[in-house]
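Subject: Structure for your review

Dear colleague,

Please find the structure below, together with its sequence. My notes on it follow, arranged by region.

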Amino acid sequence: MEASADRVRQWWHLLVPGPASVARASDRFQAGLLVAPVLVGLAAVPFSAAAGSELYRTQKPVSTRELAQRSQATAVLLTDGPATTVSGRSGVFAGSALTAASWQAPDGLRRVGEVAAGEGARRGDQVPIWVDRAGNPAAPPLTASAVLVDAVCAALGLWVSVCLLVALMCAGTVFALNRHRMATWQREWDAEQEKHTHP
């Protein structure tokens with residue numbers, strides 16, 4: 001326990017030099033600067049969480065509306081899909097293209113149109129699609145899980161971005177301080193050598 005306390009005191013004196021320390025003003029400033037990323041990181045947590053919550057609040061009604069207005073259907077291809085593309089370096093390249101197909105709309109009627117079919121698909125193959133209430137092809141709806149993931153990623157992304165920005169600013173400041181100290185030490189060394197050269 002005593003060893004741990006001594007180590008804590010050593011780190012504290014390293015970060016916060018006491019009045020009897022030989023540390024210069026730039027050393028004290030740099031020691032205080034090392035605490036800034038921690039403080040900013042902690043302060044950014046509630047703001048990042050609020051941003052994620054706001055995104056969730058905004059996207060949740062969109063997800064609810066899209067899930068209510070869209071449904072899944074199975075389309076049957078009326079023609080062959082696009083030919084398989086072969087790459088000499090990576091082998092088969094999986095792509096898709098609009099292909100004629102038919103499917104059953106929510107009202108029970110058959111619809112004919114174009115849906116995205118993968119390369120190598122053949123006539124008669126079944127392709128899962130999303131349709132709106134009129135039976136027209138639609139993009140997949142925004143699911144509740146996707147809304148949650150987007151909100152969490154947005155909050156984490158904002159927090160990480162703030163921390164990285166502060167860390168880069170601190171690193172740049174430390175670099176400038178080091179250059180300043182080196183230049184000061186060089187001038188002092190040159191002045192000391194000048195004294196010994198010309199007594």
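Please bear in mind that this is a predicted model. I begin with the helix that carries a nonpolar patch, and with one residue in particular. Trp159 is partly exposed, as its relative accessible area is 32%. This tryptophan belongs to helix α4, which covers residues 144–197. Together with Val45, Val160 and Leu164, Trp159 makes a nonpolar surface patch of about 330 Å². Helix α4 supplies the largest share of that patch, namely 3 residues.

Overall architecture

The protein chain has 4 helices and 7 strands. Along the sequence, these elements appear in the pattern α-α-α-β-β-β-β-β-β-β-α. Of the 199 residues in the protein chain, 20% count as buried.

Helix α3

Helix α3 spans residues 36–69 and contains 34 residues. From its first C-alpha to its last, α3 reaches 49 Å, which is close to the 50 Å expected at 1.5 Å a residue. There is nevertheless a bend of about 30° in α3 at Val45, with a proline, Pro46, following within four residues. Val45 also appears in the nonpolar surface patch described above.

The buried residues of α3 are Gly41, Ala44, Ser48, Gly52, Gln59, Ser63 and Glu66. Arg57, also located in helix α3, counts as exposed because its relative accessibility is 53%, and the cut-off for that class is over 50%. The C-alpha atoms of Arg57 and Leu148 lie 9.9 Å apart in space, although 91 residues separate the two in sequence.

Salt bridges

The model contains 4 salt bridges; I describe some of them here.

Within helix α3, the side chains of Glu54 and Arg57 form a salt bridge with an N to O distance of 2.5 Å. Why are Glu54 and Arg57 separated by about one helical turn? The two residues are 3 residues apart in helix α3, and therefore about one turn of the helix lies between them. In general, an α-helix has 3.6 residues a turn, so residues three or four places apart point the same way. Glu54 is partly exposed, at 39% relative accessibility, whereas Arg57 is exposed, at 53%.

A further salt bridge joins the side chains of Arg122 and Asp80, at 3.8 Å from N to O. This pair links distant parts of the chain, 42 residues apart: Arg122 sits in the loop between β5 and β6 (126–131), and Asp80 in the loop between β1 and β2 (85–87). Asp80 is partly exposed, with a relative accessible area of 43%.

Asp107 and Arg111 also meet through their side chains in a salt bridge, with 3.2 Å from N to O. Both partners fall in the partly exposed class, which runs between under 20% for buried and over 50% for exposed. The relative accessible area of Asp107 is 46%, and that of Arg111 is 21%.

The sheet

How are the strands of the open sheet ordered? The sheet has 5 strands in the order β5-β4-β1-β6-β7, and the pairing is antiparallel. Its edge strands are β5 and β7 (137–138), each of which pairs on one side only. As a general point, strands of a sheet pair through backbone hydrogen bonds, either parallel or antiparallel.

Strand β4 (residues 96–104) is joined to strand β1 (residues 71–77) by 2 bridges, and the two run antiparallel. Across this pairing, Val76 stands opposite Ser102 in β4. Strand β4 also pairs with strand β5 (residues 110–118), again in the antiparallel sense, over 9 bridges. In that pairing, Ser102 stands opposite Val112 in β5, and Ala101 stands opposite Gly113 in β5. Ser102 thus has Val76 as one opposite residue and Val112 as another.

The hairpin of β4 and β5 has 5 residues between the strands, and Gly108 there takes a positive phi near 95°.

To recapitulate the points you may wish to view in the structure: the bend of α3 at Val45, the nonpolar patch that includes Trp159, the salt bridge between Arg122 and Asp80, and Ser102 in β4, opposite Val76.

With kind regards

Note on methods:
Residues are numbered from 1 along each chain as its sequence is written. This is a predicted model: local features need pLDDT of at least 70, side-chain atom pairs count only at pLDDT 80 or more; totals for chains, interfaces and linings use all residues. Side-chain values use heavy atoms; hydrogens and water are left out. Patches are made of residues with over 30% relative accessible area and no salt bridge: like charges are joined within 9 Å, nonpolar side chains (Val, Leu, Ile, Met, Phe, Trp, Tyr) within 5 Å. Accessible areas come from the Shrake-Rupley method with a 1.4 Å probe; for residues, only the protein chains shown count as cover. Buried means under 20% relative accessible area, exposed over 50%, partly exposed in between (1.4 Å probe, protein chains only). Two strands pair if DSSP finds at least two bridges between them. The expected span of a helix is 1.5 Å times one less than its number of residues. The bend at a residue is the angle between axes fitted to the seven residues ending there and the seven starting there.
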